[in-house]
Amino acid sequence: MEENMDESQSQKGCKECCERCVGSLPWASLIATVLLYMGVALFCGCGHEALSGTVTILQNYFEVIRAPGETLDVFTIIDILKYIIYGLAAGFFVFGVLLLVEGFFTTGAIRDLYGEFKITACGRCLTAFLIFLAYLFFLVWLGVTAFTSLPVFMYFNVWSMCQNTSLVEGANLCLDLRQFGAVAISEERKVCTGSEKFFKMCESNELDLTFHLFVCTLAGAGAAVIAMVHFLMALAANWGYLKDASRMQKYEDIKSKEEQELHDIHSTRSKERLNAYT
């Protein structure tokens, strides 16, 4: 009988522990963090490989040569974009951790343990600063998404021409890099339908793979935008809690002070009556 009671108490304790652990998780911030990491990883990984595939296509089929020295050409721009991708990956990893930690400190079970932090000016200022950063990065990712759609559109046109080779066989269409600003106006780097380079490019894996990598890059940027919106909603809810908690603390302080004053007055009158009776 005692063993059954001990077992039931143990199960009840484990259940309460699990409920507390589940309740202490900031699910909104956690989901937004996972979505942000997935989006950034997809954007950075696929974007890096898509840029490398673009370099291969330019060199093999358009015969574009890297300019000597430190001249700013298309290859230098691609290298700069790769370094920007490295910075985005590192920066948003840290930013995601900050937002997740802030979410943990605003969650019920952790808030009960460290409640004093959340109703201080430091806690409110931190949440306000994170809201500002989240909104700023939301605008940044919107711009990145719009910028990423450009190579997707260009590769889609080339990919469509390759998929409909029989339809454009007599049209004599050309892909001129000068139209995209990839080379100087004086340089003529183009591939026309019906040429051997065009058929080789269409039959190669580089074009198809690079196009789909840019599509995945665009999807990653869109996921990052959704994650930032999710973070903004969670931070706005946290800010509302902080504001209400601050007002509640002021109310509790005033109420406690008034009760203490009433208690002191009552004690003083009781002593006066006792002295008068004596």
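**Aromatic pairs**

I searched the whole structure, a predicted model, for aromatic pairs and got 13 of them. I took Tyr 135 and Phe 138 as the pair to look at: their ring centres are 6.4 Å apart and their planes meet at 35°, so I entered the pair as tilted. Tilted is the class left between stacked, under 30 degrees, and edge-to-face, over 60.

I then checked where the two residues sit in the chain. Both belong to helix H6, 3 residues apart, which puts about one helical turn between Tyr 135 and Phe 138.

Is each of the two rings' residues buried or exposed? I read a relative accessible area of 46% for Tyr 135, so that residue is partly exposed. Phe 138 has 17% and therefore counts as buried, the limit for buried being under 20%.

I also followed the ring pairs from residue to residue. They join Phe 43, Phe 92, Phe 95, Phe 137 and Trp 141 into a cluster.

**Nonpolar core**

I looked up Trp 141 again in the largest nonpolar core, which has 51 residues. Trp 141 is listed there with Phe 62, Met 201 and Met 228 as touching the most other members. I noted which helices supply at least two residues each to this core: H2 (27-60), H3 (74-106), H6 (121-163), H7 (196-203) and H8 (205-277). The most come from H8, which gives 12 residues.

I listed the contacts of Phe 62, leaving out residues up to four places away in sequence. Phe 62 touches Ile 57, Leu 175, Leu 177, Arg 189, Lys 190, Val 191 and Met 201. Met 201 is also one of the core residues that touch the most other members.

**Ser 29**

I went next to Ser 29, in helix H2. Its relative accessible area is 5%, so I marked Ser 29 as buried. What does Ser 29 contact beyond its neighbours within four places in sequence? I found Leu 99, Leu 100, Gly 103, Phe 231 and Ala 234.

**Record check**

I compared with UniProt, where an unreviewed entry lists residues 21-43, 83-105, 126-156 and 211-241 under "transmembrane region". I checked two of these spans in the model. Residues 83-105 are 100% helix and 0% strand, with 34 Å between the end C-alpha atoms. Residues 211-241 are likewise 100% helix and 0% strand, and there the end C-alpha atoms are 46 Å apart.

Terms used. Residues numbered from 1 in each chain as written. Predicted model: local features only at pLDDT ≥ 70, side-chain atom pairs only at ≥ 80, totals over all residues. Heavy atoms only, no water. UniProt positions renumbered as here; feature names shortened; annotations may be inferred. Helix = DSSP H or I, 4+ residues; strand = E, 2+ residues; numbered from the N terminus. Core = buried A, V, L, I, M, F, W, Y, C linked by side-chain atoms within 4.5 Å. Buried < 20%, exposed > 50% of the residue type's maximum accessible area, 1.4 Å probe, protein only. Contact = heavy atoms within 4.5 Å. Phe/Tyr/Trp six-rings, centres within 6.5 Å; stacked < 30°, edge-to-face > 60°.
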